[in-house]
Amino acid sequence: MTEHLYSLAGRVILISGAARGLGRVLALALARAGAILALHDLSPIHLEETYHQVRELGSKCQLYVADSGKGLPARMLITEVVEDWGRLDGLINNLHIQPEADLARLDEWDWERTLELNLSGPFLLMQSAIAPMSAVGGGNILNLIAELVADKNNGINAAFAASQFGLAGLTQATAGELMTYNILSCALEVGPLAKILDETAWQNTEGQKQVAWITRWMERREKVPPGAWLRRAQFERLTRTE
């Protein structure tokens with residue numbers, strides 16, 4: 001288990017993609033640190049299990065099911081969180097979808113839907129989070145990026161790769177602007193999609209160190225200097241020196 005070294009008491013954190021895998025692991029870690037959690041995903045399936053596990057820890061939380069890749073639902077999601085809890089202090093974008101088709105067979109709908117959820121969704125949530133975070137003096141935004149690993153049959157999926165490079169670029173382009181609102185933003189490459197979706201992959205010592213790093217960063221204990229908008233290979237080196 002992640003050690004209870006950090007305190008997020010009273011802070012409201014929205015986790016997008018909280019139904020399983022790393023999203024659930026982070027929800028439990030942040031709950032142990034005292035955070036109030038807004039748990040989001042596209043469907044209540046599996047999300048309810050995360051909700052019950054968080055509640056068993058004695059932490060306050062609420063479920064939010066919304067199509068975050070669309071403008072109105074994404075903006076309403078932020079509005080509902082603020083209405084329910086009175087504030088928003090943190091946002092973790094962890095929603096990832098990947099179509100199965102390769103480039104030759106990838107239809108337009110799958111392409112656009114992948115970019116909607118993996119890229120437009122984080123953009124819309126980040127944009128909508130500026131006002132409520134500014135109202136409480138600032139906040140933290142963390143965009144979790146999948147490492148691109150070639151599939152033995154199809155190579156690297158084109159739509160998924162475009163969405164992940166796009167999210168990295170979005171984080172880089174907006175990091176400076178967000179700092180003017182006292183909002184710290186960072187993109188963190190956390191591993192291949194299979195690892196992100198596998199809760200057990202984060203239970204070993206190395207995985208728990210990485211979860212602890214994220215928990216500390218969401219509390220603003222892990223300082224990120226101006227311009228350090230992306231953590232990739234450095235992530236493992238940082239956690240190994242703790």
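**Close-up views of a predicted model**

**View 1. Helix 3 and helix 4 cross at roughly 35°.** In this predicted model, the axes of helix 3 (residues 71–85) and helix 4 come within 9 Å. The crossing of these two helices is right-handed. On the helix 3 side, the residues in contact are Gly71, Ala74, Arg75, Leu77, Ile78 and Val82. They meet Leu124, Leu125, Ser128, Ala129 and Pro132 of helix 4.

**View 2. Helix 4 also packs with helix 5.** Helix 4 covers residues 108–135 and helix 5 covers residues 158–179. Their axes lie 8 Å apart, at an angle of about 15°. Angles under 35 degrees count as roughly parallel, and helix 4 and helix 5 are therefore roughly parallel to each other. Helix 4 passes helix 5 in a right-handed crossing. From helix 4, the contact uses Trp111, Thr114, Leu115, Asn118, Leu119, Pro122, Phe123, Met126 and Ile130. Among the residues that helix 5 brings to this contact are Ala158, Phe160, Gly166, Leu167, Leu170 and Leu178.

**View 3. Strand 2 is mostly covered.** This strand spans residues 36–41, and 6 of its 6 residues are buried. In a regular strand, side chains alternate between the two faces of the sheet. On one side of strand 2 are Ile36, Ala38 and His40, and on the other are Leu37, Leu39 and Asp41. Both faces are covered, with all of these residues buried.

**View 4. Strand 2 pairs with strand 1 and with strand 3.** Strand 1 (residues 12–16) runs parallel to strand 2, and 5 bridges join them. Within this pair, Val12 stands opposite Ile36 of strand 2. Strand 3 (residues 61–65) is likewise parallel to strand 2 and joined to it by 5 bridges. Here Ala38 stands opposite Gln62 of strand 3.

**View 5. Helices link the paired strands in right-handed β-α-β units.** Strand 1, helix 1 (residues 21–32) and strand 2 form a right-handed β-α-β unit. From strand 2 the chain then crosses through helix 2 (residues 47–56) to strand 3. This β-α-β crossover is right-handed too.

**View 6. The whole chain has 8 helices and 7 strands.** Of its 242 residues, 52% count as buried. Among contacts in the chain with a separation of 6 or more, 74% come from residues 24 or more positions apart.

Conventions: Residues are numbered from 1 along each chain as its sequence is written. This is a predicted model: local features need pLDDT of at least 70, side-chain atom pairs count only at pLDDT 80 or more; totals for chains, interfaces and linings use all residues. Side-chain values use heavy atoms; hydrogens and water are left out. Buried means under 20% relative accessible area, exposed over 50%, partly exposed in between (1.4 Å probe, protein chains only). Helices (H or I, at least four residues) and strands (E, at least two) are DSSP runs, numbered from the N terminus. Two strands pair if DSSP finds at least two bridges between them. A crossover is right-handed if, with the strands pointing away from the viewer, the path from the first strand over the helix to the second runs clockwise. Axes are lines fitted to C-alpha atoms, for helices over the stretch in contact, and angles run from 0 to 180 degrees between N-to-C directions. Angles under 35 degrees count as roughly parallel, over 145 as roughly antiparallel, 65 to 115 as roughly perpendicular and the rest as oblique. A crossing is left-handed if the near helix is turned anticlockwise from the far one by less than a right angle, and right-handed if clockwise. Contact means heavy atoms within 4.5 Å.
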